[in-house]
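Q: Pick one part of this model that you like and take me through it slowly, please. I'd rather have a close look at a single spot than a tour of everything.

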Amino acid sequence: AVNRVDGIERIRLGSLEPKIVTEEFASALSQMPKVCPHFHLSLQSGCDATLKRMNRRYTAEEYETGCQLLRKYFKHPAITTDVIVGFPGESDEEFETTYENLADLELSFFHVFPYSKRNGTKASTLKGEINGKIAKARVARLLELSNACRERDMKRFNPVQVLIERKQDGYYTGYTNQYHPCKILSDIPLSGRITIEWQRIEDGTYYGKKDVVCD
């Protein structure tokens, strides 16, 4: 229904459970031109043992199947996720499994968070609390991997379509269809407009040309 509304140019889905991505789901979305080819699928961990302790009702293999379906129906979709490291009981071997699976999935990028204990939750009663320094080191490794994934992913798109949101620090800023950030220098007011830009990547951001042509 939203896809049929005049004046709406982009539809971006928020966080999705991996199991919602079925053949029917991916096929239907691919028929809607306004749906952005960017899907944020919650993962939390790439290790089945950790996922089980988290009470997640999917496996790393099922997550990969969802990614494959999206790539079947969308050309170069951006797939992003959230990852929690240092969950109680996460061994070195479990973390390495998560790291290797994330590398194999070739996601566009991912957000990484250290586990934070919250009183009253089931997780707060679990044994095997992870040392803070170890968790911090694991976060750093995954962030490094995520940055490499983002740089690789951004190089696939040239030019890029950007929806400009606001002006900040002298640049008009916005996001591509694949949810990569972009900064554009322009004397023309651009907020709320869509522009096509040739990419120049620097520090994980697209930089557009000064002379901008908008739709």
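A: Let's go with strand 6 and its partners: strand 6 and strand 7 (residues 181–184) run antiparallel and are joined by four bridges. This is a predicted model, where local features need pLDDT of at least 70, side-chain atom pairs count only at pLDDT 80 or more, and totals for chains, interfaces and linings use all residues. Numbering starts from 1 along each chain as its sequence is written, and side-chain values use heavy atoms, leaving out hydrogens and water. A strand here is a DSSP run of E with at least two residues, numbered from the N terminus, and two strands pair if DSSP finds at least two bridges between them.

Back to our pair: for Tyr-175, the bridge partner in strand 7 is Pro-181. Strand 6 and strand 7 make a hairpin, with four residues between them. In that turn sits Tyr-179, whose phi is positive, at about 70°.

Now go back along the chain. Strand 6 (residues 171–176) also pairs with strand 5 (residues 160–168), again antiparallel, and here there are six bridges. One you can look up in the viewer is Lys-167, whose bridge partner in strand 6 is Tyr-172. Strand 5 and strand 6 form a hairpin too, with two residues between the strands. Check the backbone at Asp-169 in this hairpin, which takes a positive phi near 55°.

So put strand 6 at the centre of your view: it pairs with strand 5 and with strand 7. For a Ramachandran plot, the residues to label are Asp-169, with phi near 55°, and Tyr-179, with phi of about 70°.
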